[in-house]
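Trainee: I am new to this structure. Could we go through it in questions and answers?

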Amino acid sequence: RDQWFPVPLPVVLGHEGSGVVQAVGSDVTLVQPGDRVVMSMASCRVCENCRTSPPGYCAKHYDLNFGGRRLDGSATLCSGDEPLNGHFFAQSSFATHAIATQHNVVKVPTDVPLNILGPLGCGIQTGAGSVMNSLKVEAGSSIAIFGTGAVGLSAVMAAQVVGCTKIIGIDVHADRLSLALELGATDVVHAGENNPVTTILELTEGRGVDYSLETTAVPAVARQAVEVLTVLGTCGLIGVPPSGTELTFDFQSVLFGRFVRGIIGGDARAQLFIPKLIDLWSQGRFPFDRLIKTYQLNEINEAVQDAESGKTIKPVIEMPG
């Protein structure tokens, strides 16, 4: 969807890929043929941001992940002699084979089903990392999570892992709210039937929550996520709206010590964070597989429709062998 990112069209898309390494270049040392891997985002690893911050804030993030080519302009895909736009998230994983870099792949254990691991590379990592890394949510604190899709539900599970005592999920899909309760939410708010701000203030006896996360990319919802904060509370913005989308808050609401910050990729360093999430899954403490439904490549249009309607939380496309 080029309204979100200026991806040159036509393009081979696909991110959150997982698979088995088939071959490596002569300078690759981190993985070898036969390794099972998850693919995450690319970063240049040399800019000031890369040296001091998580890879999502790379100064060349857009060019590396959405430019359609490598930084030197070369293509990773072609049709005959004709170069194709690809290199999406440094992978273009809607394909039987993908070309990635050794720094945006993560080696994973052999005893975990490979077809559930791909979403760890972006959405699930983003939701969990926003709680654990970006906001550094503390045990005993409260959090409201606006949107209980894959990112939001990953945040719900992470909030339970870190010991939040009040975890509020907000959505317009009743089935997703029911799942949120099963995955760790203490309370849910159906935004189509109740005013989220009023309801959350009632649930917190007028205090508000210590943290909030906005995953929907809807400006009106983002404003609600700020309005439910207690004084000195922090709101993390995760959802990605179309370019040019503007956001407004009550000036005094933010003036009184409330923080609002954007978050990319859950501030995660994938090679370190994804293995931790897999360990939590193995212990039964982070059951992200409950969000996933698999489809075959010839069902990709159905997968898109199911995701947009809310029928499926996290569709995964299985490529032909």
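Mentor: The questions below go from the sheets to the cores, the rings and one loop residue.

Mentor: This is a predicted model, in which local features need pLDDT of at least 70 and side-chain atom pairs count only at pLDDT 80 or more, while totals for chains, interfaces and linings use all residues. Residues are numbered from 1 along each chain as its sequence is written, and side-chain values use heavy atoms, with hydrogens and water left out.

Trainee: Which strands stand at the edges of the open sheet of six strands?

Mentor: Strands are DSSP runs of E with at least two residues, helices are runs of H or I with at least four, and both are numbered from the N terminus. Two strands pair if DSSP finds at least two bridges between them. The sheet has the order 8-7-6-9-10-11 with parallel pairing. An edge strand has a single partner, so one side of it is left without a neighbour in the sheet, and this holds for strand 8 (187-190) and strand 11 (259-262).

Trainee: What angle does the direction of helix 7 make with that of strand 10?

Mentor: Axes are lines fitted to C-alpha atoms, for helices over the stretch in contact, and angles run from 0 to 180 degrees between N-to-C directions. Contact means heavy atoms within 4.5 Å. Helix 7 (residues 219-227) packs on the sheet and touches strand 6, strand 9, strand 10 (229-237) and strand 11; the angle with strand 10 is about 145 degrees.

Trainee: Which residue is the bridge partner of Ile 145 in strand 9?

Mentor: Strand 6 (residues 142-146) and strand 9 (residues 209-214) pair in the parallel sense over four bridges. The bridge partner of Ile 145 is Leu 213.

Trainee: In the open sheet of three strands, which residue of strand 5 stands opposite Val 37?

Mentor: The order there is 1-2-5, and the pairing is antiparallel. Strand 2 (residues 36-39) and strand 5 are joined by three bridges. Opposite Val 37 stands Lys 107.

Trainee: Which helix gives the largest share of the largest nonpolar core?

Mentor: A nonpolar core is a set of buried Ala, Val, Leu, Ile, Met, Phe, Trp, Tyr and Cys residues joined through side-chain atoms within 4.5 Å. The core has 45 residues, of which Leu 117, Ile 143 and Phe 288 touch the most other members. Elements that each supply at least two residues include helix 3 (123-134), helix 5 (174-183) and helix 9 (270-282). The largest share, seven residues, comes from helix 4.

Trainee: Why is the ring pair of Phe 286 and Phe 288 called tilted?

Mentor: Rings of Phe, Tyr and Trp (its six-membered ring) pair if their centres lie within 6.5 Å; planes under 30 degrees apart count as stacked, over 60 as edge-to-face and the rest as tilted. By this rule there are six aromatic pairs. In this one the centres are 6.1 Å apart and the planes are at 45 degrees, so the pair is tilted.

Trainee: Is Gln 91 buried or exposed?

Mentor: Gln 91 is found in the loop between strand 4 (82-84) and strand 5 (105-107). Its contacts beyond four places in sequence include His 15, Met 39 and Asn 104. Buried means under 20% relative accessible area, exposed over 50%, and partly exposed in between, with a 1.4 Å probe and protein chains only. Gln 91 has 3% relative accessibility, so the term for Gln 91 is buried.
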